[in-house]
Amino acid sequence: MSSLSSSLRLFSPKLRQTFPKSPFLPSKPFFFSSPISFQRLPRSPLSEPLRAQQQHQRQQREAEVDLSVLPPRLQEIIALFQTVAEPKAKYQQLLHYGAQLPPLDPRFKTDDHRVRGCVSQVWVRAFRDADDHAAVRFEADSDSALTKGLAALLVFGLSGYPATVVASVPPGFVHLLGLQQSLTPSRNNGFLNMLKLMQQKALQLYSEVGDSEINGVSESKGSNSGAKDGVLDDKNTILGEKTDKTGKDSIFGEVSSANWSGDSLPFGDLMVDGHGMNSADGVQKSSNGGIGGRRERIRQRLERELSPVELEVEDISYQHAGHAGVRGNGDGETHFNLRVVSKEFEGKSLVKRHRLVYDLLQEELQSGLHALSIDAKTPSEA
Amino acid sequence: MMASFCHFPASPPHQSLSKLLSPLRRPRPHPFLPNVLCIFNPNRNRIRAGSQFRRLSLSSSSIALPPEELDSSSLGDLTRPDFPILHQEVNGFNLVYLDNAATSQKPTAVLKALNKYYESYNSNVHRAIHSLSAEATDEYEQARTKVAAFINASKPKEIVFTRNATEAINLVAYSWGLSNLRSGDEILLTIAEHHSAIVPWQLVAQKTGASLKFVGLTKEEVPDIEQLKELLSVKTKIVVIHHVSNVLGSALPIEDVVAWSHSVGAKVLVDACQSIPHMVVDVQKLDPDFLVASSHKMCGPTGVGFLYGKSELLSAMPPFLGGGEMIADVFQDYSTFAEPPSRFEAGTPAIGEAIGLGAAIDYLMGIGMQRIHDYEKELANYLYLSLLAIPNVRIYGPAPSETVHRASLCSFNVENIHPTDIATILDKQHGVAIRSGHHCAQPLHRSLGISASARASLYFYNNKKEIDVFIRALKDTIDFFISFQ
């Protein structure tokens, strides 16, 4: 068995040049490429019949994925899987990837990092690349070897790319691997939820809003049942005091250990716009008097719409100068701290307040404003 | 040295194991295993929480063998042709369906009954005058009578059709529970109950101020009956208890539990989901106040289940769901209600499905529940033995013995391999369908110290050959993962 896995390691990523629809390598290379002669075991009833292979090939052909939106490293991984014909060998390759994943630091094995909808326990962590602040890196772990393998694919395939690239990866790519991974959205789809959580966390890193201010409660639609949280979670009591056992419509108040639904991120849409895939392509000037004066425009907009009692707009773009997302906007005006005290925020949750501000500054977000750090209070709170 | 049970050099595994258990071959010493038949030792403490993994070990006590011959035309072989769904390939392999505790397959007789209903006499029941409706109503009420006869209820009106057992339990919780429980009252359950038997009572307890008490497991991994007796008190108002556990495979002495509960004035609700499909259940003998089951686990369609309730209890209970059918007269600001069972059957029921359930009961009665039970006992022992022989496999629940009969299911874990991994590869690489997860029994898993388990569960249309395929596939799967560790 170990000789098999070492043969698999010989497959280098350089094979990514072609994306074969049908495997171009015979399924027996492992046995015939070695100088030592092997006695092929008689074909046992457990080995894979031809019909299943054809089924896999059909699935791959049916998967319509635009490969160009996938990060290069992920494309390499896909190519590698496509050179492996037998499903059993594919699973071995998957396990092999999982074995390469370094264990996750236990302090990250928290609810905030747990993927909902896995019968096994899966944790995912996203953090900024130390060298390249626009890039996201991931770490993950699982107690299930196959899930760990899938997590490893995602970790290796997606790490080191900007959040927007990560967020645009379509789940359908997994069909190309030929693993018969289901993509039916359901609370039990570990792979799908893993990818979504990674994408959310990547975008979250770029929202500039602190983690503690985000709760996945009031905006969550179709949340996964908290019942899949991992049975050994100490927060559960026999009497079911679990506050994050949410149904679709129930709201249990602000839960700071985020009960991510996997479906909605409060600022997700806005942030994708705000970052703009074209950060490397240079500046998009806003139609409103060019790049200068953004601070002034923000002030005016907020003053007009929110009639704030207090308003502070601080340009902190200098703190972010030099990372890829900013490069196109070298003149600053990309990151701001906002402090707004307004009666308009009364009765609104933190999430709704931020959304309100973002909505008002849409134009700026689409013309080079990168991120906002918002402190939104009502007059009584200030 | 105790060799693994299945490593017989020359003969194919399924034959050798069957022969070993066959009464035709009386106990002559086998070269490897001198006391081959003396497997079950009721005294041996096999179960330790945590990391005890099994070795095959023998003792000198023995078990009587089942009287029927275990030859090639077993009940499984005889009934298999009735189930078209079993004859297919998944992932290129013949399907081996071992997830019957989750849901059972349906024989053609049931499919035909469903079809016939929709093709010939589909019509709303209890309402209209015309012939189609009369026929539908007849068949629907006949199905009710069949269910009553199946469990030996005294009258058909003690059977309330629901959507499934879960809804039936909710019915009792919200209707009986809300009007009978108050602050300080206790609801007694076991730690091994299905979520459907726990959660409705949690919800109702919150509303009424009652509290839930749980009976734990013994070291043999069965609910602790002695502890149950101790926990019973005048404060106990209802005992909610399973008949057969969907994870442990154990059966509880319902007659005794009911007798003890009644003596302190507590009612008993029996969850018979895993017992009714597999054995004779006689509510006159067991004497529960309420009993619930689902059609889909007993060869019937999904979408229908039933609640059995003693008529004096049902008559005193307020409605659960409101609507048509369950009323007598409706005015603007109040309504009067029908007698049970109608009182608890609001709206148009799953008519075709109830009739399908009736057809399933006919089919099962045609075989005979005792015969099904006896056959499954063989399967249960064979499955347990075969699993036991695999190194590093830990089975949950009691070991079978003369006094302890297991259901034909095994929940298990393999050391260092996640059950989901096992189930995935069994499916993708072998076409064997088992379940992995907590089986709707999270408190039980927590008390066993695990987060999930794998479970293979059989029904009367499975056979020993399929168990052999499963065991071979499991070993192959285990090897697959071990090679990566």
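**Exercise 1. A sheet in chain A**

Find which residue stands opposite Leu311(A) in β5(A), then place the two strands in their sheet.

*Solution.* Step 1: the residue facing Leu311(A) is Val340(A) in β5(A). A word on the ground rules: this is a predicted model, in which local features need pLDDT of at least 70 and side-chain atom pairs count only at pLDDT 80 or more, while totals for chains, interfaces and linings use all residues. Residues are numbered from 1 along each chain as its sequence is written, chains are lettered from A and ligands numbered from 1 in the order in which they are written, and side-chain values use heavy atoms, with hydrogens and water left out.

Step 2: β4(A) and β5 (residues 335-341) of chain A are antiparallel, with six bridges between them. Strands here are DSSP E runs of at least two residues, helices are H or I runs of at least four, and both are numbered from the N terminus; two strands pair if DSSP finds at least two bridges between them.

Step 3: the open sheet has three strands, in the order β4-β5-β6 of chain A, with mixed pairing. Because β4 (310-315) and β6 (371-377) of chain A each have a single partner strand, one side of each has no neighbour in the sheet. From one strand to the next, the twist averages 10° (angles run from 0 to 180 degrees between N-to-C directions, and axes are lines fitted to C-alpha atoms, for helices over the stretch in contact).

Step 4: add helix α12 (residues 350-360) of chain A, which lies across β5 and β6 of chain A at about 125° to β6(A).

**Exercise 2. The antiparallel sheet of chain A and its helix**

Work out which strands of the β1-β2-β3 sheet of chain A are at its edges, and which helix packs on the sheet.

*Solution.* Step 1: the order β1-β2-β3 (chain A) describes an open sheet of three strands with antiparallel pairing. Its edges are β1 (122-128) and β3 (161-162) of chain A, each pairing on one side only.

Step 2: β1(A) and β2 (residues 135-142) of chain A are joined by seven bridges. For an example, take Phe127(A), whose bridge partner in β2(A) is Arg137(A).

Step 3: the helix is α6 (residues 145-158) of chain A, which touches β1, β2 and β3 of chain A and makes about 170° with the direction of β2(A). Touching, or contact, means heavy atoms within 4.5 Å.

**Exercise 3. Helix against helix**

Classify the packing of α4(A) on α6(A) by angle, handedness and residue class.

*Solution.* Step 1: the axes of α4 (residues 72-83) of chain A and α6(A) come within 7 Å and cross at roughly 135°. That makes α4(A) oblique to α6(A), since angles under 35 degrees count as roughly parallel, over 145 as roughly antiparallel, 65 to 115 as roughly perpendicular and the rest as oblique.

Step 2: the crossing of α4(A) and α6(A) is right-handed (the near helix is turned clockwise from the far one by less than a right angle; anticlockwise would be left-handed).

Step 3: α4(A) brings Arg73(A), Leu74(A), Ile77(A) and Phe81(A) to meet Leu153(A), Phe156(A), Gly157(A) and Leu158(A) of α6(A). The residues of this contact are six nonpolar, one polar and one charged (Ala, Val, Leu, Ile, Met, Phe, Trp, Tyr, Cys and Pro count as nonpolar, Asp, Glu, Lys and Arg as charged, and the others, Gly among them, as polar).

**Exercise 4. Across the chains**

Do likewise for α5(A) and α13(B).

*Solution.* Step 1: the axes of α5 (residues 87-100) of chain A and α13 (residues 419-430) of chain B come within 10 Å, crossing at roughly 155°. The two helices, α5(A) and α13(B), are therefore roughly antiparallel, and their crossing is right-handed.

Step 2: Pro87(A), Lys88(A) and Tyr91(A) make the contact with Ile425(B), Lys428(B) and Gln429(B). By class, α5(A) and α13(B) meet through three nonpolar, one polar and two charged residues.

**Exercise 5. A residue in chain B**

Decide whether Ala143(B) is buried or exposed, and list its contacts.

*Solution.* Step 1: Ala143(B) belongs to helix α4 (residues 131-150) of chain B. Ala143(B) is buried because its relative accessible area is 2% (buried means under 20%, exposed over 50%, partly exposed in between, with a 1.4 Å probe and protein chains only).

Step 2: leaving out residues up to four places away in sequence, Ala143(B) touches Phe161(B), Ala354(B), Ile355(B) and Gly358(B).

Step 3: follow Phe161(B) into strand β4 (residues 159-162) of chain B, where Ile159(B) and Phe161(B) on one side and Val160(B) and Thr162(B) on the other are all buried. Four bridges join β4(B) to β10 (residues 305-309) of chain B in the antiparallel sense, and Thr162(B) has Gly305(B) as its bridge partner.
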